[in-house]
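Here is my note on the model you asked me to look over. Please read it with the structure open beside you.

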Amino acid sequence: MSVLIYLHKSHRQYTNGLKTVDVEGRTVGACLDNLVQQFPDLKKELFDKKGKLKNIIEIYLNMTSAFPDELAKPTKAGDEIHITILLAGG
């Protein structure tokens, strides 16, 4: 089952410039694990030391926010996951 992950521009440096990556997984979390297996340097960009998504990472599944419990959301073949970064400042 193939799911397509769209990467935020700042994460593309860890994927050799790829904008999208095909992954396998039955949940968003499993898909992100597969992404990290392919590109291990992304782990520190997406997850904290406890294995939870960093607070600045926002996940969309088929263009709908996956919050809360985004890692547990089920996926199916043809789904699209968008990884975005929340920006803050003043």
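The points below go from the whole chain to its core and then to one residue.

1. This is a predicted model, in which local features need pLDDT of at least 70 and side-chain atom pairs count only at pLDDT 80 or more, while totals for chains, interfaces and linings use all residues. Residues are numbered from 1 along each chain as its sequence is written, and side-chain values use heavy atoms, with hydrogens and water left out.

2. The protein chain has 2 helices and 5 strands, which follow one another from the N terminus as β-β-α-α-β-β-β; helices (H or I, at least four residues) and strands (E, at least two) are DSSP runs, numbered from the N terminus.

3. The largest nonpolar core, meaning a set of buried Ala, Val, Leu, Ile, Met, Phe, Trp, Tyr and Cys residues joined through side-chain atoms within 4.5 Å, has 23 residues. Buried here means under 20% relative accessible area, with a 1.4 Å probe and protein chains only. The elements giving two or more residues to this core are β1, β2, α1, β3 and β5, and the largest share, 5 residues, comes from α1.

4. I5 is among the residues with the most contacts inside this core. Leaving aside neighbours within four places in sequence, I5 is in contact (heavy atoms within 4.5 Å) with residues including L32, L35, I81 and I83.

5. N34 has its place in helix α1 and is buried, with a relative accessible area of 18%. Not counting residues up to four places away in sequence, N34 touches D22, V23 and E24, and a polar atom of the N34 side chain lies 3.4 Å from the backbone nitrogen of E24.

Definitions and conventions: Buried < 20%, exposed > 50% of the residue type's maximum accessible area, 1.4 Å probe, protein only. Polar contact = N/O pair within 3.5 Å; in protein donor to acceptor, adjacent residues only side chain to side chain.
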